[in-house]
Amino acid sequence: MSMTFFIPQDTTALALGSDSVALTMASELKERGVEGGIIRNGSRGMFWLEPLLEVEIDGSRLGFGPVKSSDMPSILDSLNSRTKNTKSVNHPLFLGEVNEIDYLARQQRLTFNRAGVGDPLCIENYQRLSGFVGLTHAIKLKGQEIVDQIKDSGLRGRGGAAFPAGIKWQTVLDTVGEQKYIVCNADEGDSGTFADRLLMEADPYQLIEGMAIAGLAVGANQGYIYLRSEYPVAHKILNQAIEHATEAGFLGENICSSGSDFFLEVRLGAGAYICGEETSLLESLEGKRGMVRAKPPLPAIEGLFGKPTVVNNVLTLGAVASILEQGSKTYKDFGMGRSRGTLAVQLAGNVKRGGVIELAFGVTLREVVEGFGCGTYSGRPIRAIQMGGPLGAFLPESQWDTPLDYESFAAIKAMIGHGGIVVFDDTVDMAAQARFAMEFCAVESCGKCTPCRIGATRGVEVIDRIVQNEDRDNNLILLTDLCDTMEFGSLCAMGGMTPFPVRSALAYFAEDFGGESPREN
Amino acid sequence: MDKRTNIDQLIEQFKSLPGGLMPLLHAVKHDVGYIPDDSVEQIAKGFNLSRAEVHGVISFYHDFNTSPTGQHCVQICRAEACQSMGSRQIEAHAKKSLGIEYGETTKDGKVTLQPVYCLGNCACSPSIRIDDDIHARVSAASFDQLMAELRSPATTHAGGKK
């Protein structure tokens with residue numbers, strides 16, 4: 001009986017001890033003389049089950065989780081004593097066939113369909129699962145035909161701004177220039193988001209493929225992945241993946257004998273949240289302070305080193321690979337309204353079953369948080385949900401039935417952003433969260449524009465005065481006024497959207513801000 | 001090899017790379033442990049920049065510390081997902097138990113405490129990072145245990161042993 005064991009090596013699994021699980025498993029196998037290898041796969045994104053041990057046996061992938069090193073002997077015993085050719089194993093951590101776990105089975109995975117299946121660095125495994133098919137298709141097309149496919153798919157930027165990717169690409173294609181660049185924004189700084197990280201750690205070739213396709217489409221021969229330094233595991237995996245892909249001819253000179261070159265390099269950020277803003281990111285890539293640029297000129301026309309540049313998020317470029325593989329129509333058939341395709345929702349914070357959940361746009365926030373998340377980790381009632389990272393609004397229960405669609409969220413002054421959902425239970429102090437939003441903006445502002453640089457510091461002070469009930473009515477007026485100034489006067493979303501969590505906390509959770517009752521007028 | 005020659009070699013390696021200043025600063029930090037103040041002039045010369053420009057870049061980014069840190073860097077995630085799982089308490093506990101504030105190093109020179117805004121491990125919060133290892137679902141008790149491992153005299157390797 002031959003068995004293959006899969007033990008994830010993504011950040012979350014490692015943070016929960018998967019290395020020691022793998023070590024123990026290896027020595028147990030040796031001791032028992034069991035035939036079987038260990039593959040360090042990526043995670044499936046069901047982080048509440050990590051470390052998730054999978055066993056390939058008789059054509060099935062059986063799961064156990066969350067496991068500890070000390071569970072290895074009993075798991076091996078249970079596998080030994082199982083009835084042959086059944087999917088049933090008698091062990092308390094046994095989860096059944098992994099693909100049939102409801103959390104995974106109910107998803108519509110286009111971008112994450114390979115995540116966790118095998119060794120993320122094995123090119124053969126990637127190709128066996130339809131990897132590089134999209135690139136092979138793209139090579140036979142003209143640049144304009146590739147751009148048309150992206151336009152037809154309805155794909156919008158997944159970084160948060162939701163700008164149509166095809167239009168951005170068209171601008172770069174149409175701009176005359178000897179040198180053009182593809183830049184991947186992998187500065188995934190929003191709290192509650194980790195889908196970029198999962199894709200880079202569990203299926204890095206998909207990103208590489210998407211970037212190479214983008215290069216062919218607009219005529220760029222150089223790509224950069226701007227990765228945040230907080231992701232050391234992704235850094236290691238990406239560098240190895242680029243090396244392997246170059247050796248295999250998918251990167252470098254004359255990729256896949258197409259006559260086109262595409263070189264790719266990872267560049268590390270250095271802990272500045274603002275560098276997730278595309279113009280700040282470009283400044284940083286150029287080796288400067290990450291100061292936001294005024295637009296126009298658009299990066300598509302004058303981007304990196306002043307050259308036409310496509311700047312796309314990891315998931316946008318990942319989706320490109322599947323659009324070119326399966327066709328734009330397949331992708332477009334998912335979703336609602338102007339939000340086409342799938343959204344990688346990231347369920348985080350105080351939640352029982354957190355992870356990456358890829359679904360077609362249109363499912364409601366409540367369906368995700370209750371249906372997939374199954375309530376809070378603490379077991380207490382949910383009080384507030386912050387969607388879209390630190391610049392996203394706090395949503396009270398009355399708004400949880402909003403469908404996940406860019407326009408529906410914009411209509412309630414909230415945003416989907418990069419798809420992060422952070423759940424808070426009823427112990428949360430919403431005044432403290434509003435204060436933190438301003439404090440974070442003060443720490444991370446690039447300092448270029450006054451409303452953001454000074455406004456955030458003043459915002460912390462005003463919220464403190466309100467909570468202390470000091471000249472309350474006037475300070476509430478001042479805070480509203482300050483929020484207006486930041487929202488309408490800032491150069492980028494950092495200062496422009498920091499008021500969203502502040503205003504929503506004040507509007508829906510006023511009782512946390514001290515005083516007798518919220519100001520009425 | 002002294003620090004200065006080492007930095008000179010790194011400058012040589014990165015100065016003609018487009019946007020090479022950031023990779024250079026990372027390399028200096030990796031090799032020396034921090035960006036020495038007296039290397040600013042050297043770097044400026046190598047990159048044909050003004051000292052003000054180089055200083056400006058160094059001071060903009062949280063990662064580029066200009067003085068030595070302790071043997072291990074312990075970062076506590078302060079972002080929202082970790083807050084929802086009690087990171088404010090972990091933060092207070094860490095400062096109290098180590099007897100230091102953010103940016104400071106313990107007396108034994110083992111641990112420098114730093115804030116960080118998101119480690120991308122938000123489904124299993126609260127998270128901390130010890131050097132290049134991330135730890136999930138940290139409690140005050142598990143924090144103390146991790147610190148004890150780091151600070152025991154026998155520990156010489158990089159932190160985060162699980």
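**Figure 1. The residue just after helix α18 of chain A.** In this predicted model, N469(A) adopts a positive phi of about 60° just after α18(A). The helix before N469(A) covers residues 450–467.

**Figure 2. Length and kink of α18(A).** Helix α18(A) contains 18 residues. From first C-alpha to last, α18(A) reaches 25 Å. That is close to the 26 Å expected at 1.5 Å a residue. The helix also has a kink of about 30°. A456(A) marks the centre of the kink.

**Figure 3. The buried residues of α18(A) and their cover.** Where the helix kinks, at A456(A), the residue is also buried. The other buried residues of α18(A) are P451(A), C452(A), G455(A), G459(A), V462(A), I463(A) and I466(A). Residues three or four places apart on an α-helix point the same way, because there are 3.6 residues a turn. Several helices of chain A help to cover the buried residues of α18(A). Among them are α17 (430–444) and α19 (472–489). The cover also includes α20 (493–497) and α21 (499–508).

**Figure 4. Packing of α1 and α2 in chain B.** Helix α1(B) spans residues 3–14, and helix α2(B) spans residues 21–32. Their axes come within 10 Å and cross at roughly 150°. Angles over 145 degrees count as roughly antiparallel, and α1(B) and α2(B) are therefore roughly antiparallel to each other. Their crossing is right-handed. From α1(B), the contact uses K3(B), N6(B), I7(B), L10(B), I11(B) and F14(B). These meet P23(B), L24(B), A27(B), V28(B), D31(B) and V32(B) of α2(B).

**Figure 5. Packing of α3 and α4 in chain B.** Helix α3(B), residues 40–47, packs on α4(B) at an angle of about 115°. The two axes lie 8 Å apart. This angle makes α3(B) roughly perpendicular to α4(B). The crossing of α3(B) past α4(B) is right-handed. On the α3(B) side, V40(B), E41(B), I43(B) and A44(B) make the contact. On the α4(B) side, R51(B), V54(B) and H55(B) take part.

**Figure 6. Contact between chains A and B.** Chain B brings 35 residues to the contact, and chain A brings 48 residues. Four elements of chain B each supply at least two residues of the side that touches chain A: α2, α4 (51–60), α5 (80–83) and β4 (133–135). Helix α2(B) gives the most to this side of chain B, with four residues. Helix α2(B) also packs against α1(B), where V28(B) is one of its contact residues. Helix α4(B) also meets α3(B), through residues including H55(B).

Note on methods: Residues numbered from 1 in each chain as written. Chains lettered and ligands numbered in written order. Predicted model: local features only at pLDDT ≥ 70, side-chain atom pairs only at ≥ 80, totals over all residues. Expected span 1.5 Å × (residues − 1). Bend = angle between axes of the 7 residues up to and from the residue. Buried ≥ 20, exposed ≤ 12 C-beta atoms within 10 Å, placed from the backbone. Contact = placed C-beta atoms within 7 Å. Axes fitted to C-alpha atoms, helices over the stretch in contact; angles between N-to-C directions. Parallel < 35°, antiparallel > 145°, perpendicular 65-115°, else oblique. Left-handed = near helix turned anticlockwise from the far one by under 90°.
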